[in-house]
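Student: I would like to go through this model with you and ask, for each label, what justifies it. Could we begin once the structure is in view?

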Amino acid sequence: MPSLAEGQSRFIACLQKGPAHFPDDMFAEDKTRALLGLKAHANTISHARLVALEDCYPRLHVHMGHEQFHAVSRDYVEQDHIMTCDLNHIGAGFAAFLGERQYGATEIDLARIEWAWLESYRSAEAMPLALADIATLAEVDLLAFPVVLHPAMRLLELAGPLSPELPELADFDPQALMIARPEAQILFHPLTAVEQAIAEKIADSATMGNLLEYALELSDEATAMQHIIKLIQAGALKRIKG
């Protein structure tokens with residue numbers, strides 16, 4: 001008699017790969033009736049995958065239109081590795097899949113933005129660093145102040161024109177986009193190339209002095225700290241306990 005794990009594997013193979021993987025000894029009932037039940041169950045699972053993917057990408061769904069989005073979604077969810085994927089993470093590779101199917105940069109960027117939004121939403125809770133936390137520090141203490149990336153911050157370099165499904169960014173043509181969650185609300189922040197480069201260095205800087213030194217390499221003294229202040233106000237840095 002097969003083990004529980006073996007039985008589960010055989011059952012999953014039936015659902016994913018069809019009648020050719022239907023063992024004769026798996027069910028006590030007539031094979032035809034059992035197959036009808038499995039088809040209904042498989043259809044329910046397939047529908048759940050499509051709905052989960054649509055929930056990950058509501059703006060892309062509108063941007064592409066239902067028929068086109070549904071067609072590419074079905075191709076995506078029928079991949080072997082997606083069939084075994086947890087529904088919470090089913091959309092992780094969708095942007096790359098669109099790239100493989102030769103979709104445009106606007107569609108791919110929108111998929112990346114929506115997935116980054118979800119990652120930010122699901123990230124760990126953490127208080128963002130505020131300007132008030134460092135406003136009274138002496139210069140030496142400010143330069144030595146530890147720099148920690150906020151867990152909700154996501155940074156994306158953009159490759160094409162922004163979708164009209166991002167109306168909050170309609171007045172911008174950014175090089176990059178930062179997604180942050182300073183409080184409960186998740187916000188989009190368009191960044192210049194310089195601001196993007198500085199944001200990319202937060203995780204490796206260790207101290208405010210290191211981050212400022214890098215900012216000075218990219219801009220003049222008058223604007224270097226302003227770039228860092230913008231990142232702080234956006235919620236890109238995590239507050240240090242103590």
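**Reading the labels**

Tutor: Helix α7 (residues 105-122) lies across β1, β2 and β3 and runs at about 175 degrees to β1. Please keep in mind throughout that this is a predicted model. A second helix, α9 (residues 193-200), also lies across β1, β2 and β3, running at about 115 degrees to β3.

Student: What makes β1 and β3 the edge strands?

Tutor: The sheet is an open one of three strands in the order β1-β2-β3, with antiparallel pairing. Strands β1 (154-157) and β3 (187-191) each pair on one side only, and that is what the word edge refers to here. From one strand to the next the twist averages 20 degrees.

Student: How do you know that β1 and β2 are paired?

Tutor: Two strands count as paired if there are at least two bridges between them, and four bridges join β1 to β2, which run antiparallel, so the criterion is met. As one instance, Leu 156 has Leu 177 of β2 as its bridge partner.

Student: What supports the pairing of β2 with β3?

Tutor: Strand β2 (residues 176-180) and β3 pair in the antiparallel sense over five bridges, again set against a requirement of at least two. Met 178 has His 189 of β3 as its bridge partner, while Ala 176 stands opposite Leu 191 in β3. The connection from β2 to β3 is a hairpin through six residues.

Student: Why is β2 called largely enclosed?

Tutor: A residue is buried when its relative accessible area is under 20%. Five of the five residues of β2 are buried, so the strand is largely enclosed by the rest of the structure. In a regular strand the side chains alternate between the two faces of the sheet. Both faces of β2 are covered, with Ala 176, Met 178 and Ala 180 buried on one side and Leu 177 and Ile 179 buried on the other.

Student: Why are α9 and α11 described as roughly antiparallel?

Tutor: Two packed helices are described by the angle between their axes and the distance between the axes. For α9 and α11 the angle is about 155 degrees and the axes are 10 Å apart. Angles over 145 degrees count as roughly antiparallel, and α9 and α11 are therefore roughly antiparallel to each other. Their crossing is right-handed. The contact is made by Val 194, Ala 197 and Ile 198 of α9 together with Leu 211, Tyr 214, Ala 215 and Leu 218 of α11. By class, the residues of this contact divide into seven nonpolar, no polar and no charged.

Student: What makes α11 oblique to α12?

Tutor: The axes of α11 (residues 208-218) and α12 (residues 221-234) come within 9 Å and cross at roughly 125 degrees. Angles of 65 to 115 degrees count as roughly perpendicular and those over 145 as roughly antiparallel; the crossing angle of roughly 125 degrees fits neither class, which makes α11 oblique to α12. The crossing of α11 and α12 is right-handed. On the α11 side the contact involves Met 208, Leu 211, Leu 212, Ala 215 and Leu 216, and on the α12 side Glu 221, Ala 224, Met 225, Ile 228 and Ile 232. These residues divide into nine nonpolar, no polar and one charged.

Student: Why is Gln 102 called exposed, and what is notable about its phi?

Tutor: Exposed means over 50% relative accessible area, and Gln 102, at 68% relative accessibility, therefore counts as exposed. Gln 102 lies in the loop between α6 (94-100) and α7. Most residues other than glycine have a negative phi, but Gln 102 has a positive phi of about 65 degrees although it is not a glycine.

Student: Why is Ala 206 called partly exposed?

Tutor: The partly exposed class lies between the limits of 20% and 50%, and Ala 206 has a relative accessible area of 48%, so it belongs there. Ala 206 is found in the loop between α10 (202-205) and α11, and its phi is near 75 degrees, a positive value in a residue other than glycine.

Student: How do you know that Asp 75 is partly exposed, and which residues does it touch?

Tutor: The relative accessible area of Asp 75 is 35%, so Asp 75 counts as partly exposed. Asp 75 lies in helix α4 (residues 66-77) and, not counting residues up to four places away in sequence, touches Phe 97 and Arg 101. Asp 75 and Phe 97 are 22 residues apart in sequence and 9.6 Å apart in space, C-alpha to C-alpha.

Technical notes: Residues are numbered from 1 along each chain as its sequence is written. This is a predicted model: local features need pLDDT of at least 70, side-chain atom pairs count only at pLDDT 80 or more; totals for chains, interfaces and linings use all residues. Side-chain values use heavy atoms; hydrogens and water are left out. Axes are lines fitted to C-alpha atoms, for helices over the stretch in contact, and angles run from 0 to 180 degrees between N-to-C directions. Helices (H or I, at least four residues) and strands (E, at least two) are DSSP runs, numbered from the N terminus. Angles under 35 degrees count as roughly parallel, over 145 as roughly antiparallel, 65 to 115 as roughly perpendicular and the rest as oblique. A crossing is left-handed if the near helix is turned anticlockwise from the far one by less than a right angle, and right-handed if clockwise. Contact means heavy atoms within 4.5 Å. Ala, Val, Leu, Ile, Met, Phe, Trp, Tyr, Cys and Pro count as nonpolar, Asp, Glu, Lys and Arg as charged, and the others, Gly among them, as polar. Buried means under 20% relative accessible area, exposed over 50%, partly exposed in between (1.4 Å probe, protein chains only).
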